[in-house]
Amino acid sequence: MTLLSVRNLTVTLMTASGPADAVRNLSFDIERGQILGIAGESGSGKTMTALSIMGLLPYKGKASGSINFDGEELVGFKPKDLRRVRGKDVAMIFQDPMTSLHPMLTIETQLTEHLRHHRKVSKGEARARALELLDTVKIPDPKTALKAHPSQFSGGMRQRIAIAMALACQPKLLIADEPTTALDVTVQAGILKLLDELRKSQNLSVIVITHDLGVLSALTNRLMIMYAGAEVESGPTSQVLTRPRHPYTQGLIDALPDSGANGKRLIAIEGMPPELGKFPTGCAFHTRCSFARSECKSGTPNKVDIDGIRRIFCTVDPFDTPAGVNR
Amino acid sequence: MKPIVEVNNLSVEYTRGDQKVGAVAGVDLHVGAGEILGLVGESGCGKSTLGKAIVGILQGADGEVNFDGQQVSKIGRGQRDAHFRNLQMIFQDPYGSLNPRRKIGDQIADGPRIGGISKSEALEKAASLLERVGLPRNAVERYPHQFSGGQRQRIAIARALAISPKVIIADEPISALDTSSQAAVANLLVNLVEEFQMGLIFISHDLSIVRRISDRVAVMYLGKIVETGKTEEIWNSPAHPYTKALMSAIPHADGKAFIPLDLPGDVPNPAYPPSGCRFHPRCPLAQGECASREPLHVSLSDGRKVSCILQEAGSAPKTLTF
Ligand SMILES: Nc1ncnc2c1ncn2[C@@H]1O[C@H](COP(=O)(O)OP(=O)(O)OP(=O)(O)O)[C@@H](O)[C@H]1O
Ligand SMILES: Nc1ncnc2c1ncn2[C@@H]1O[C@H](COP(=O)(O)OP(=O)(O)O)[C@@H](O)[C@H]1O
Ligand code: SF4
Ligand code: SF4
Ligand SMILES: [Mg+2]
Ligand SMILES: [Mg+2]
């Protein structure tokens, strides 16, 4: 069942040189209990996509198109209604867990106030639920943890507490924007396992935004790759990562430290990332794409449907060979 | 290779309320001109603290740091003389280290201007550095909040490079970037190391990139270096159980090699470090005596150093299985 359906989402931000579209014509769906990964160029609009679902765009930022969440249209929602949805049905965690935690308040105060803000529960009930939440996110000794301040925990534990906070009102959708970027591999593994368990046990839908293709591979069912505010490729994660069809996706994979051998030099995509407000015409990737032809420079790139479950936006589709991508 | 940075018995104690937190506990390390040292370890093990102590911006640091023949004294960032400006740090948190109210260009130009060049030249330099890290030249005119996380990380890198330092300590400099931008920035750093014989301490939790670019690695656990040596040798045969555990937890893009190895729990609170070997409560190979006896930091036959009773001084590294 589809929980979130985004259609033709465009996010316009105010920049020094006037309004500019940071997200362009984006469409995607998330089913219940599914984990969608979003990866792509730094600055390609991933965070802005997430913030538009949360109704938290920066000052003067505007979303248009449609964001249908569980039957309700969020674009054009009144602030009062957005507040009802945000934090309750949709919750978000950030790279820096301190974004969602207050440094001076105990974990107990933060969790119970958050709960009581959204639900009519007694203090006692809120405390019981807080303990349960800390247990869910595997904080050892939840009773002691309730009395502590965020500074008394390590980065990994703080991220778990931020997840507990996000889960407090049993959201249907959790958006995690680089949840493990600041964490090392062992702690990261624990957080990933936790997210996956929550998906299974609570039928939670999750959007994970990360640059870490390993994390995406381990955790997500579907993957969307973005460049210059738009989707370039999407499909089942394993297929996209092992047999990419879009030249930009291929570039991301070629850049991984364990691919290619050229001493210490890694393989970066040639050229500069496009600048907001000055995206190239046609296929925005044409200035850096080694397969570009003249027809890539104007119009919109062709949408190529692959087996009904994948798609790319590329006029040339250079890897559509009988043997597939041969690397 | 003569070291350009040499650290002897460095310790850092933070005060947290009435607790003393030994975040770095007696570290020795060195990096040569033209060399890349990778510093790895779980979050909270003291990597950032060690980096800051090396550049001399921490109160409560004890021990000796020599940079380019002179001892780094514990002086404030504002007052350091020209000599120590050649030792730069790229901070882990690009939000905290950039001033939200000043234009990007002015912030990058500060360093070169103290070095004596005119404002317009310094701004020109800032613009071309921004270009080298993959940002538009006109970013000089803008403020930090107008950039995404990864873009701010690149701004912080441009600022550190602005004064052509002899040594850079880069704390997680590329963790918030997409793989292609990571590759571009890593290549830029490697170029600077090779071209100008810069020394680089590369702090990262991404072991696959550390493996690719560093000449040597130092593995840190709870304030101490537990293993250090040539990168390839350590990768081929980790001699410390913690090194091995870290390496087996790397997720790979094909999803197959993802073995979230269960090291129970997080790094313990450094305010109460475990007795004996600090890793013993989480070590899958711990022996009875590990809880009481602290292992010596010994040299093995291939030149690496390791602190674990399973390894014998002067011998080849023994293979660990778990
Ligand atoms: N407050 C703002 N005002 C103007 N432009 C902004 C603002 N915040 C972000 N931008 C720009 O919008 C674009 C998209 O930003 P966004 O934060 O969504 O990127 P991202 O894909 O999340 O990148 P990263 O991977 O680096 O976090 C970028 O070009 C960024 O510079
Ligand atoms: N300003 C501070 N005051 C008190 N404790 C701190 C401070 N900064 C870091 N710590 C503690 O010191 C330890 C090492 O932290 P840090 O150097 O940031 O580790 P890493 O960079 O390896 O993640 C952690 O337990 C951390 O909580
Ligand atoms: S449309 Fe053209 S420029 Fe764009 S990715 Fe495809 S081949 Fe490259
Ligand atoms: S000394 Fe003992 S506890 Fe420490 S790493 Fe070696 S085997 Fe494990
Ligand atoms: Mg972002
Ligand atoms: Mg750190």
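How far does a polar side-chain atom of S48(B) lie from an oxygen atom of ligand 2? The distance is 2.7 Å. The close-ups below come from a predicted model.

**View 1. Ligand 2 is surrounded by residues of chain B.** Y14(B), R16(B) and A23(B) are part of the surroundings. So is a run of neighbours: E42(B), S43(B), G44(B), C45(B), G46(B), K47(B), S48(B) and T49(B). P270(B) completes the list. Some of these residues also make polar contacts with oxygen atoms of the ligand. A polar backbone atom of G46(B) is 2.9 Å from an oxygen atom of ligand 2. For K47(B), a backbone N or O atom lies 2.7 Å from an oxygen atom of ligand 2. S48(B) uses a polar side-chain atom instead, again at 2.7 Å from an oxygen atom of the ligand.

**View 2. Ligand 1 sits in a site shared between chains.** The site is shared because residues from chains A and B surround ligand 1. The surrounding residues number 22. The closest are G43(A), K46(A) and T47(A) from one chain, with S148(B) and Q151(B) from the other. Polar contacts to chain A can be picked out here. S44(A) has a polar backbone atom 3.1 Å from an oxygen atom of ligand 1. At G45(A), a backbone N or O atom lies 3.0 Å from an oxygen atom of the ligand. T47(A) brings in a polar side-chain atom, which lies 2.6 Å from an oxygen atom of ligand 1.

**View 3. Ligand 4 has 13 residues around it.** Which residues are closest to ligand 4? They are H240(B), C277(B), C283(B), C290(B) and C308(B). By class, eleven residues of the shell are nonpolar and two are polar. The shell has no charged residues.

**View 4. Helices α4 and α6 of chain A pack against each other.** Two packed helices are described by the angle between their axes and the distance between the axes. Helix α4 of chain A covers residues 123-136, and helix α6 of chain A covers residues 155-167. Their packing angle is about 130°, and their axes are 9 Å apart. α4(A) and α6(A) are therefore oblique to each other. The crossing of α4(A) past α6(A) is right-handed. On the α4(A) side, R129(A), L133(A) and L134(A) make the contact. On the α6(A) side, I161(A), A164(A) and L167(A) do so. By class, the contact between α4(A) and α6(A) has five nonpolar residues and one charged residue, with no polar ones.

Definitions and conventions:
Residues numbered from 1 in each chain as written. Chains lettered and ligands numbered in written order. Predicted model: local features only at pLDDT ≥ 70, side-chain atom pairs only at ≥ 80, totals over all residues. Heavy atoms only, no water. Axes fitted to C-alpha atoms, helices over the stretch in contact; angles between N-to-C directions. Helix = DSSP H or I, 4+ residues; strand = E, 2+ residues; numbered from the N terminus. Parallel < 35°, antiparallel > 145°, perpendicular 65-115°, else oblique. Left-handed = near helix turned anticlockwise from the far one by under 90°. Contact = heavy atoms within 4.5 Å. Nonpolar A, V, L, I, M, F, W, Y, C, P; charged D, E, K, R; others polar. Near = heavy atom within 4 Å. Polar contact = N/O pair within 3.5 Å; in protein donor to acceptor, adjacent residues only side chain to side chain.
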